Amino acid sequence: MQFQQLHYFVAVAETRHFTRAAELVHVAQPSLSQQIKALERELGADLFLRARGNITLTDAGEALLPLARRILADADTARHEVQELVQLRGGRVRLGATPSLCTGLLPDVLRAFHDRYPGIRLLIEEGGSHDLVRELARGALDLALIVLPLPPASPALTTVELLREDLVVVSSTEAPAPGCRDGLVMRVADLEGERLVMFRHGYDLRELTVAACRSAGFEPHFAVEGGEMDAVLGFVRAGLGVAVVPRMVATRAGQGLRVTPLARPGLHRTIALAHRSDVAPPRAARELQRMLLER
């Protein structure tokens, strides 16, 4: 029994006509008839009742039809999966992420992905969650690491929570310790007397920090604002003020910075991996997604 024979059998069963079935599968009608007869000899049963202008399935044909369809579908799935695996030798993945995640989370995961799939190009776009959601919606990204909750009126995205990260206060080791009660932790309220180095508009950390200060009953005072992550850390290191940043970034920031935790309940952010709900990511992107979720 051959896949080709099953393919021809299903075509005849669906068209109930040998000539139309031959046209459908792009083969000469005598060749198709010969393959059907060979299949019947192999199975030891007639599959069709042949009458002029009237082709019907026998009981054996009725029994074989759903099985043949399933076998052909499984073969097609196997072919598709193998082709996608072959594609992992080349191609690209377009990944969006906030700058803090590019600094803290991604380097180790991307190195492991590149080691496993060196032929795949990694195209990284940095931006705030609002910008990345827009890029996902227009099809410019395959995946994006964004901060939840999604912005209002977001397009239909599928999100999987990746991690919940604490935020901490960083300050220059050359400047006095920020105003904390015991020198070990700070409250959000303690930021009222501090000059803040603040991220640009549209940055998730800016919105979160400003909202926390207002909830504590005060407006934050900005010493300098408008930077990306590297610029903010540099300004803090130079003693211009303090900043609220993810713990993952603070632990990788190097010398010259003091890290002070926030007292409970503290501040946190939830990171999720997102893609468009109406389009399945390509195979390479799904593999990177798996590695991120299993990191």
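Reader: Where is P149 found?

Author: P149 is found in the loop between β5 and β6 (157–172), where helices (DSSP runs of H or I, at least four residues) and strands (runs of E, at least two) are numbered from the N terminus. This is a predicted model, in which local features need pLDDT of at least 70 and side-chain atom pairs count only at pLDDT 80 or more, while totals for chains, interfaces and linings use all residues. Residues are numbered from 1 along each chain as its sequence is written, and side-chain values use heavy atoms, with hydrogens and water left out.

Reader: Which peptide bond joins L148 and P149, and what is omega?

Author: The bond that joins L148 and P149 is cis, with omega about 0°. Another cis peptide bond runs from R264 to P265, with omega near 5°, and P265 is found in the loop between β10 (257–261) and β11 (268–276).

Reader: How should I read the largest pocket, and what is its volume?

Author: Rolling a probe the size of a water molecule over the atoms shows where empty space is left. On a 1 Å grid over the protein atoms alone, a cavity is a set of points where a 1.4 Å probe fits but cannot get out, whereas a pocket is an open set with protein on both sides within 12 Å along at least five of seven lines, and lining residues have an atom within 4 Å of a point. Grid points are joined across faces, edges and corners, and a volume is the space filled by probe spheres set on the points. Here the largest pocket has a volume of about 170 Å³.

Reader: Which residues line the largest pocket?

Author: The lining consists of S129, H130, V147, L148, P149, L150, P151, D204, E207 and L208, so L148 and P149, joined by a cis bond, are both part of the list. At least two lining residues come from each of α7 (129–137), β5 (143–148) and α8 (204–215), and α8 gives the most, with three. By class the lining holds six nonpolar, two polar and two charged residues, counting Ala, Val, Leu, Ile, Met, Phe, Trp, Tyr, Cys and Pro as nonpolar, Asp, Glu, Lys and Arg as charged, and the others, Gly among them, as polar.

Reader: Helix α8 also holds T209; is T209 buried or exposed?

Author: Buried means under 20% relative accessible area, exposed over 50%, and partly exposed in between (1.4 Å probe, protein chains only). With a relative accessible area of 3%, T209 is buried. Contact means heavy atoms within 4.5 Å, and, leaving aside neighbours within four places in sequence, T209 is in contact with L196, M198 and V244.

Reader: Which residues of α3 are buried?

Author: In α3 the buried residues are L32, S33, I36, L39 and E40. They cover an arc of only 120° around the axis, which puts them on the same side of α3, the arc being that of the directions from the helix axis to the C-beta atoms. The face turned away from this buried side carries the exposed residues Q34, R41 and E42. After α3 comes G44, whose phi is positive, near 75°.

Reader: What is phi of R16, and of H26?

Author: Both are positive values in residues other than glycine: phi is near 55° for R16 and near 60° for H26. R16 lies in the loop between α1 (3–15) and α2 (18–24) and counts as partly exposed at 34% relative accessibility, while H26 lies in the loop between α2 and α3 and counts as exposed at 74%.
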